[in-house]
Amino acid sequence: MSARRPLIAGNWKMHKTIAETRTLLAELCELAMPNGVDVMVAPPFTALAAARDRLRDCGIGLGAQTMSEHEHGPYTGDISPVMLRELSVRWVILGHSERRAYFNETDDGVARKVRAALAHGMTPIVAVGETADEHQRGETIAKVTFQARAAFAGLTEEEVRKCVVAYEPIWAIGTGLVDEPASANGVIGEIRGAVEGLEYARVLYGGSMKGDNATALMAEPNIDGGLIGGASLSVQSFMEIVAAAALRAAAPR
Ligand code: PGA
């Protein structure tokens with residue numbers, strides 16, 4: 001059905017100073033990234049410039065963890081898409097569950113940010129996912145399809161295809177609990193079916209993805225890669241996941 005290229009996205013969250021960023025990226029850039037796989041990292045805003053300099057000619061893309069929907073203005077503390085583009089940022093994670101929970105990001109706000117990212121030539125990685133309670137109550141599909149429809153509302157199929165979705169069960173983030181590959185595959189299938197164009201877009205799994213579960217997750221037909229938190233903070237654990245993506249790239253479906 002597709003030639004969707006695997007994507008491994010490292011979400012560093014609020015980790016790594018500038019000095020630590022330089023060290024980690026220097027080590028990563030010594031290693032060859034496999035053919036057929038997109039790899040990107042999203043350091044904190046303060047380290048983006050250093051990361052951009054370090055990543056030149058390295059084969060790893062640069063992402064941001066969130067951004068404003070506005071280009072400029074009286075939004076104290078926020079960072080605009082124009083500022084990110086100036087730093088050669090190509091990817092932006094939007095609607096991460098931590099942003100939704102701690103920074104009051106809403107579905108409508110995420111939708112506006114998706115439009116802003118596309119307007120500025122960046123690829124949005126839109127995170128969706130259910131809480132432990134929603135999971136228990138059997139509301140997973142309803143929750144994530146609602147979030148996906150909201151994030152892409154009003155976009156053309158062409159625009160939706162350019163985006164990336166990350167299905168991240170909130171109960172799996174940073175907990176060591178990981179969704180069953182077949183279950184995640186099923187949820188992602190529903191997400192793809194909910195929005196015209198997502199069939200062709202890349203959809204990642206996120207939530208305690210590690211070297212020892214990445215291969216099984218990415219063996220599932222709907223799972224095109226991973227949004228990686230904890231395991232993106234060390235070269236070894238991140239590269240184990242990148243290697244798992246290379247296996248998937250070698251066996252496209
Ligand atoms: P985790 O985080 O890999 O540490 O579970 C994933 C995420 O929050 O994107």
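# Talking through a predicted fold

Me: Which strand holds Gly-226?
Reply: The model here is predicted. Look at residues 225-228: Gly-226 falls inside that stretch, and the stretch is strand β8.

Me: Okay, is Gly-226 buried or exposed?
Reply: A residue counts as buried when its relative accessible area is under 20%. Gly-226 has a relative accessible area of 0%, so the label is buried.

Me: Which residues does Gly-226 touch, leaving out those up to four places away in sequence?
Reply: Touching means heavy atoms within 4.5 Å. For Gly-226, that gives Leu-7, Ile-8, Ala-9, Leu-204, Tyr-205 and Met-209.

Me: How far apart in space are Gly-226 and Ile-188?
Reply: In sequence, 38 residues separate Gly-226 and Ile-188. From C-alpha to C-alpha, the gap in space is 12 Å.

Me: Let's zoom out. What radius of gyration does the chain have, and how does that sit with a compact globule?
Reply: For 253 residues, the rule for a compact globule gives a radius near 18 Å. The chain agrees with that rule, because its radius of gyration is 17 Å.

Me: What share of the residues is buried?
Reply: The chain carries 11 helices and 8 strands, and its C-alpha trace spans about 45 × 45 × 35 Å along the principal axes. Out of the 253 residues, the buried share is 54%.

Me: What percentage of the contacts with a separation of 6 or more joins residues 24 or more positions apart?
Reply: Take the contacts in the chain between residues with a separation of 6 or more. Those joining residues 24 or more positions apart account for 74%.

Me: How far apart are the centres of the positive and negative side chains?
Reply: The chain has 25 positive side chains and 31 negative ones. Each set has its own centre, and the distance between the two is 4 Å.

Me: Now helix α5. What is the distance between its end C-alpha atoms, and why does it fit?
Reply: Helix α5 covers residues 107-119, which is 13 residues. At 1.5 Å a residue, the expected span is 18 Å. That agrees with the model, because the end C-alpha atoms are apart by 18 Å.

Me: Which elements do the buried residues of α5 pack against?
Reply: The buried residues of α5 include Val-110, Val-114 and Leu-118. Their helix's buried set packs against α3, β4, α4, β5, α7 and α8.

Me: And which elements do the buried residues of α7 pack against?
Reply: Among the buried residues of α7 are Val-144, Gln-147 and Ala-151. The buried residues of this helix pack against α4, α5, β5, α6, β6 and α9.

Me: Is Asn-213 buried or exposed?
Reply: Asn-213 sits in helix α10 and touches Val-178 and Ser-208, not counting residues up to four places away in sequence. The cut-off for buried is under 20%. Asn-213 has a relative accessible area of 13%, so Asn-213 is buried.

Me: What is the phi of Lys-16?
Reply: Most residues other than glycine have a negative phi. Lys-16 lies in the loop between β1 and α1. Although Lys-16 is not a glycine, its phi is positive, at about 85 degrees.

Me: Where does Ser-88 lie?
Reply: Ser-88 is another residue other than glycine with a positive phi, near 65 degrees. Its relative accessibility is 40%, so Ser-88 counts as partly exposed. As for its place in the chain, Ser-88 is in the loop between α3 and β4.

Methods: Residues are numbered from 1 along each chain as its sequence is written. This is a predicted model: local features need pLDDT of at least 70, side-chain atom pairs count only at pLDDT 80 or more; totals for chains, interfaces and linings use all residues. Side-chain values use heavy atoms; hydrogens and water are left out. Helices (H or I, at least four residues) and strands (E, at least two) are DSSP runs, numbered from the N terminus. The radius of gyration is taken over C-alpha atoms; the globule rule is 2.2 Å times the number of residues to the power 0.38. Buried means under 20% relative accessible area, exposed over 50%, partly exposed in between (1.4 Å probe, protein chains only). Lys and Arg count as positive and Asp and Glu as negative; His and the chain ends are not counted. The place of a charge is taken as NZ of Lys, CZ of Arg, CG of Asp or CD of Glu. The expected span of a helix is 1.5 Å times one less than its number of residues.
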